Amino acid sequence: MKNFKLMAIALVAMLGFSACEKDCNHDFIEHDFTQDIVGTWTFVEDDLAEAMVIKADGSFTTTGVMKGGYLYEEKGTIKVVNNKVTLAFDGDKDTFEGRLEFVAGKSLSLVMFDDNDVRLTYDYCENDLSDEILGMWVCNDASTDAQDMMIQTFDKNGKCTLTGYLPLEDDSEQAKNEATDYKVVGDLLFITIPAEKIGKEEPIYVVDKLTYAPDGTAYGDILTLKTYIEIDGKFVESGWSYLRVKQYLNLDNKVYDYISAYVSNAKGKDEDFTIGENVFNMSTIKAGNFDMMFRSVLSCFEFSANSFTYKFRSNDMDIEFATPITVDGNKVTLDMSKMNPACRTVVMHMFQDKDDSQLHMYMHTDAFINYFANVEVATLIAMGEINQTDEAAIAKVFADMEARVESINVSFVLKARK
């Protein structure tokens, strides 16, 4: 819609569409659709996504992203006489004619006349999701094999913060509480990827089509995002499901069991190392490694208002790993050094669903290194393999962990014990 003179050729190749012969006859049906098409219409396909908002006075606005992630916004007027449609753009004063194919409350197709007729088919968007998207969301499920992690918070002022995986071709792109801009038009979400994040002069935009399901699961609201990601020159549909979580924590007298893990941005040395009885390798680490670790040791996580205890069994020994905590919103500081001078402080983020029945514990690289080095130190001390006063041995555990872990994002999903 930005410029049909350019898009008429581009869209035919992009969408792989060959207009059928009847489209070239340009037959018109005697019906005035002018008021029928008022509303919001959205289109997502490969490397083009667009929202078109048509008002009762015949004016329209389009917001879209084309190949390369570049945003365009256009205004104009649309007239429908019978089913002949005329689009006039305000900026360059260009006018285009075509035929309207319309199914009330479902779809709107514009067949624009050119050397090759070009068809754009939009879905009707009954509800604008600008208000429903507000708040904090944590990845609930992803269609990718990597089980990538993402936490997104959307504010009323058009600002959002992103933590975790960015849906770009280079899967090494990660964000950590990064602020950016967003815009919702109908059921399309436009997120700005800052230029400095991708090493370009201009920002690019990622577009997702939203499906909102209030109380979509027993844990609360679900927001599903569908987008197309370019990988090796091909566009692949990707789906993400997010659970709405609270922007504060209620941890007092809560006990959780491990369910699953999400792992992304994992890089490091190709060497085996152990935590307790479990073998890891940063070059191949997957969520399944944590499944084996937490499930094999019968672990549980207990909280009070100001303390956290991790209980597990290793080598036929019951081990408790307790620490005082400080909670600030969703940020939780585990001051493990107060209970054991050999340990380090760990800062992570936690998220609960509406009924506190599910808890996500999210660790970035530093938190991962410190937490699991602490666990390893505590285990070695409990097993009598090192002495709590042996500063050199303890320092080596942390140094070894730092040397083998280049980066990682990991989230543990826990379920409340009944």
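## Surroundings of Ser 59

Leaving aside residues up to four places away in sequence, Ser 59 touches Val 53, Ile 54, Gly 76 and Thr 77. These contacts, like everything that follows, are read from a predicted model. Ser 59 belongs to strand E3, which covers residues 59–66, and its side chain makes a polar contact of 2.7 Å with the side chain of Asp 57. Although Ser 59 and Lys 75 are separated by 16 residues in sequence, their C-alpha atoms lie 7.4 Å apart in space.

Is Ser 59 buried or partly exposed? Its relative accessibility is 21%, and because the buried class ends under 20%, Ser 59 counts as partly exposed.

## The barrel and its strands

Eight strands close into a barrel, following the order E17-E20-E21-E22-E23-E24-E25-E26 with antiparallel pairing. On average, and with direction ignored, neighbouring strands of this sheet are turned by 35 degrees against each other. In general, the strands of a sheet pair through backbone hydrogen bonds, in either a parallel or an antiparallel arrangement.

One pairing within the barrel joins strand E20 (residues 300–303) to strand E21 (residues 307–314), in the antiparallel sense and over four bridges; here Cys 300 stands opposite Lys 311 of E21.

## Helices against the sheet

Helix H4, made of residues 365–382, packs on the sheet and touches E20, E21, E22, E23, E24, E25 and E26, with its direction at about 75 degrees to that of E26. Helix H3, residues 287–296, lies across E17, E20, E21 and E26, and runs at about 145 degrees to E17.

Within H3, the buried residues include Ala 287, Phe 290, Asp 291, Met 293 and Phe 294. Just after this helix, Leu 298 adopts a positive phi of about 55 degrees.

## Nonpolar cores

Which residues have the most contacts inside the largest nonpolar core? They are Phe 290, Tyr 371, Phe 372 and Phe 412, in a core that has 56 residues. Helix H4 gives the most to this core, contributing eleven residues. A second core, separate from this one, has 34 residues, among them Met 150, Leu 210, Leu 225 and Tyr 262.

Tyr 371 shows what such a position looks like in detail: not counting residues up to four places away in sequence, it touches Phe 301, Phe 308, Tyr 310, Leu 334, Met 336, Val 346, Met 348 and Met 363. As a general tendency in soluble globular proteins, nonpolar side chains are buried together.

How values were computed:
Residues are numbered from 1 along each chain as its sequence is written. This is a predicted model: local features need pLDDT of at least 70, side-chain atom pairs count only at pLDDT 80 or more; totals for chains, interfaces and linings use all residues. Side-chain values use heavy atoms; hydrogens and water are left out. Two strands pair if DSSP finds at least two bridges between them. Helices (H or I, at least four residues) and strands (E, at least two) are DSSP runs, numbered from the N terminus. Axes are lines fitted to C-alpha atoms, for helices over the stretch in contact, and angles run from 0 to 180 degrees between N-to-C directions. Contact means heavy atoms within 4.5 Å. A nonpolar core is a set of buried Ala, Val, Leu, Ile, Met, Phe, Trp, Tyr and Cys residues joined through side-chain atoms within 4.5 Å. Buried means under 20% relative accessible area, exposed over 50%, partly exposed in between (1.4 Å probe, protein chains only). A polar contact is a pair of N or O atoms within 3.5 Å; within protein, one must be able to donate a hydrogen and the other to accept it, and residues adjacent in sequence count only if both atoms are side-chain atoms.
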